[in-house]
Amino acid sequence: MNASRPETVLILEDDEGVARLQQKRLERAGFTTIRVTNPSAALEIIRQGGIDLFVLDNQLGGAEDGLAFYHRIKNAGLDLPVILVTGYSDDATIIRALRAGVRDYVFKSVEYLDYLPEACRRVLDQVRVQREREQALVELKAKTEELRATTQQLWQAARLAGVGELAASIAHELNNPLGTVSLRLEGVLAKTPPDDPRRKSLEIIDSEVSRMARLVANLLQFSRPGRDQVSTVDVCEEIRKTIELAEHHLRKRRIILRTEFDPTVPPIFADRQQLRQVFLNLFTNAADAMPQGGQLIPRVRTGVLQPNQPAVVIEVVDTGVGIPPTHLGRVFDPFFTTKDEGQGTGLGLAICKRIIDQHHGKIEIESEVNRGTTVRILLPVRNGTNTEALH
Ligand SMILES: Nc1ncnc2c1ncn2[C@@H]1O[C@H](COP(=O)(O)OP(=O)(O)OP(=O)(O)O)[C@@H](O)[C@H]1O
Ligand SMILES: [Mg+2]
């Protein structure tokens, strides 16, 4: 099996003469042999490891025969290939032995023992091929899984791109009428004296139209393809922009938003579009976790990623249902979702993780069931160094 080491065959045989014959045949064929005379000695050696094959006499003398001993070592989790040495015409034992997983058998006689080395060689070859096949299967499975994950990411990217295109075209279409409304409104406002009772309503309309214009501008930026978009980014500003986009959704769910931004955080070098996508995913998750309402706190402060590596720390805190410990290790896996069909694809956090990885940052989650969840993102500050992977 292993070219650099002769294979070791353990022989359990109490008959001195037979054992010597077996050892001679096997050693002449290049095997190393170890001989024991009773099951407990055999067990001891098997436990120590390093045995490639076990030649087991079926007549052990005691209450237990070879086949029963084979079952015992198998049940102890010490499975290794076995050749059973049986008496002539003991067909019933042979059939039972082969069914139980014994690899081969030889009869206990001088002429049949000549066949032992060949049997050993064949069994060891079988075992090697089987192991190689199992190994190949494991590798194949891993590759298949990798391929599946990549395909899905691609699919998701394509889907997002499709949604983005649609959003962009709608936003574009809205831009023109909004411009007209805004212009007309300005004219009407200019002609309305401050004490006119209609003035208040017009001002409200004006501010709502501005809000719509902001939303549309935001959407347009959001849906722009995110290539070569690396620039100096004010994280708080990006979060604010994302909030504007999600505000309606949050308000509808009676979620109270409270930002805690440290105004001294430095700008970082990042892809603005991708960061917004991260924040939007996190806000959506938080909102989904608070169907009865709750608090959403986006927090930004300075921190360190490693010693001597200044970082911007972003936390998205919610007071939602939380994540049970058994799920916590899987939430970043693509397709892990607890949401109903059509509600979630399970890709949100996987995408967040990929984006943060590309920015050389770190993303982690703390959660307590029925208390809430905190997603923490650390992005390095050193300009330029955190975005090499994006190019
Ligand atoms: N803030 C949170 N509170 C509670 N559970 C969460 C939170 N964020 C994520 N989870 C859990 O992690 C799972 C995976 O989240 P992820 O964003 O990757 O996928 P999703 O939200 O289910 O679907 P998608 O984001 O693709 O629409 C969720 O289904 C949910 O169970
Ligand atoms: Mg999600």
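This briefing describes the overall form of a protein, one of its helices and the surroundings of its ligand. The model is predicted. The protein contains eleven helices and 13 strands. Its radius of gyration is 36 Å, well over the 21 Å that the globule rule gives for 391 residues, so the protein is more spread out than a compact globule.

**Overall form**

- The C-alpha trace spans about 120 × 40 × 35 Å along its principal axes.
- The domain assignment gives domain 1 (8-114) and domain 2 (226-390), and the C-alpha centres of these two domains lie 62 Å apart.
- Of the 391 residues in the protein, 25% are buried.
- Among contacts between residues at least 6 apart in sequence, 69% join residues at least 24 apart.

**Helix H3**

- Helix H3 covers residues 66-75, and its buried residues are Gly 66, Leu 67, Phe 69 and Tyr 70.
- These buried residues lie on the same side of H3, because they cover an arc of only 155° around the axis.
- The elements that cover the buried residues of H3 include helix H2 (39-48) and helix H4 (91-100), together with strand S3 (53-57) and strand S4 (82-86).
- Gly 77, just after H3, takes a positive phi of about 80°.

**Surroundings of ligand 1**

- There are 22 residues around ligand 1, of which Ala 289, Thr 337, Gly 344, Gly 348 and Leu 349 come nearest.
- The shell around ligand 1 consists of nine nonpolar, eleven polar and two charged residues.
- At least two residues of this shell are supplied by helix H9 (272-288), and at least two by helix H11 (348-358).

Technical notes. Residues are numbered from 1 along each chain as its sequence is written. Chains are lettered from A and ligands numbered from 1 in the order in which they are written. This is a predicted model: local features need pLDDT of at least 70, side-chain atom pairs count only at pLDDT 80 or more; totals for chains, interfaces and linings use all residues. Domain bounds come from an automatic or database domain assignment. A residue is near a molecule or strand if its C-beta atom, placed from the backbone, lies within 6 Å of it. Helices (H or I, at least four residues) and strands (E, at least two) are DSSP runs, numbered from the N terminus. Ala, Val, Leu, Ile, Met, Phe, Trp, Tyr, Cys and Pro count as nonpolar, Asp, Glu, Lys and Arg as charged, and the others, Gly among them, as polar. A residue is buried if 20 or more other C-beta atoms lie within 10 Å of its own, exposed if 12 or fewer, and partly exposed in between; C-beta atoms are placed from the backbone. The arc is that of the directions from the helix axis to the C-beta atoms. Two residues are in contact if their C-beta atoms, placed from the backbone, lie within 7 Å. The radius of gyration is taken over C-alpha atoms; the globule rule is 2.2 Å times the number of residues to the power 0.38.
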